[in-house]
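Morning, everyone. I have one structure to go through, and I will keep it short. Please look at the screen.

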Amino acid sequence: MSAECGVCRAKLGHLFNSTLNSPHCFNFTLHTVFSMIAWDDKILHWFLEASAHTGYHRDLAALLWTRLGHFATAFDLGAGSGALSLALARLGVRVTAVEVQQAATDNLKKLVATAGLGDRVQVIQADWTRLVGPSAEVGILSYCNGVCDQWPALRRLCQKRLVVLKGAASGPAPLFGMKGFPARTPKDRHESTASIRAALKGYGVTFTEEPHFRDFGQVLADQADLEDFLRRYYGERIAARVQEAAALCERLPDGRLYLPRQRQSALFLVNMEEICSPLTKR
Ligand SMILES: C[S@@+](CC[C@H](N)C(=O)[O-])C[C@H]1O[C@@H](n2cnc3c(N)ncnc32)[C@H](O)[C@@H]1O
């Protein structure tokens, strides 16, 4: 498996090598893996709080459910926190959430059990590009690469539709509605909205592309939590500007802070029906 740390160039012999947990080894290249968030309890907590507060994944699931016509099965490829998997399962979809990182899959398994959704969500810790077995009606790549160089795997896994959500904004500040603060756009040398568009055209598939700009702001316990968040997401230089960021926050009724941000994405809906090879259906 061709994997190496993007910083120290260390070869990662295996995807689940413990090197993944070392601080600089979260940005390696491994087929489709890119700008990997190194999930831990804190980052998962922040992400899931943002999702719950803004309704981002609930609304995205509802949008897909409406637009793609009440599909029964889906793959959430590179599921991360699994917020989208859970939201889809609540609509009745049987979801297979595939994620390489153990911290994320462990957490998601607990969430699934707590929500009583064990019959609808299967969590698999794996590299989705290597999955074999039954395909699903819909495959979802939300902020996970693969369109450009893992097309055979996507054809194998998605029967009807492929959904691709990709960071669409570039440039500074306005991205997260924080004037003077840099955008935290992934340093993604691998795939962009332009390369995805070009690849899909090259494959000769029918697809639509639309902007998907939605609030995805951060719920934070207090100013210390805000500073910690800024440090983890933007680095020391920005963490030092915690007072400015605090001034941008709203105070929630329970006393916590809400840092307004927006996730600016392009949403691609791809028709796979014409090109998919028939595989075992579930
Ligand atoms: C930027 S995060 C996005 C998470 C989630 N889909 C979302 O939209 O919030 C990308 C996720 O994909 C996972 N990932 C990347 N390549 C993968 C692969 N080949 N197989 C499984 N998971 C992968 C990473 O570990 C990370 O959790």
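Two strands count as paired if DSSP finds at least two bridges between them. This is a predicted model, and under that rule 3 of its strands form an open sheet. The order is 9-11-10, and the pairing is antiparallel.

Which strands are at the edges? They are strand 9, residues 218–220, and strand 10, residues 250–251, and each of these pairs on one side only. Strand 9 pairs with strand 11, residues 257–259, over 3 bridges in the antiparallel sense. If you want one pair to find on the screen, take Val 219, whose bridge partner in strand 11 is Tyr 258.

Helices also pack on this sheet. Helix 1, residues 41–54, touches strand 9 and strand 11, and its direction makes about 115° with that of strand 9. Helix 7, residues 223–234, touches strand 9 and strand 11 as well, with a direction about 135° from that of strand 9.

Now to a pair of helices. Two packed helices are described by the angle between their axes and the distance between the axes. For helix 2, residues 56–67, and helix 3, residues 83–90, the angle is about 55° and the axes are 8 Å apart. An angle from 35 to 65 degrees falls in the oblique class, so helix 2 and helix 3 are oblique to each other. Their crossing is right-handed.

Which residues meet there? From helix 2 we have His 57, Arg 58, Leu 60 and Ala 61, and from helix 3 Ala 83, Leu 84, Ala 87 and Leu 88. By class, that contact has 6 nonpolar, 1 polar and 1 charged residues.

Is helix 3 enclosed or open? It is largely enclosed by the rest of the structure, because 7 of its 8 residues are buried. The buried ones include Ser 85, Leu 86 and Ala 89. After helix 3 comes Gly 92, with a positive phi near 105°.

Last, two residues that have positive phi without being glycine. His 70 has a phi of about 50° and is found in the loop between helix 2 and strand 3. The cut-off for exposed is 12 or fewer C-beta neighbours within 10 Å; His 70 has 10, so it counts as exposed.

The other is Tyr 143, with phi near 55°. Its place is in the loop between strand 6, residues 136–142, and helix 5, residues 151–157. Tyr 143 has 17 other C-beta atoms within 10 Å, so it is partly exposed.

That is all from me.

Terms used
Residues numbered from 1 in each chain as written. Predicted model: local features only at pLDDT ≥ 70, side-chain atom pairs only at ≥ 80, totals over all residues. Axes fitted to C-alpha atoms, helices over the stretch in contact; angles between N-to-C directions. Helix = DSSP H or I, 4+ residues; strand = E, 2+ residues; numbered from the N terminus. Parallel < 35°, antiparallel > 145°, perpendicular 65-115°, else oblique. Left-handed = near helix turned anticlockwise from the far one by under 90°. Contact = placed C-beta atoms within 7 Å. Nonpolar A, V, L, I, M, F, W, Y, C, P; charged D, E, K, R; others polar. Buried ≥ 20, exposed ≤ 12 C-beta atoms within 10 Å, placed from the backbone.
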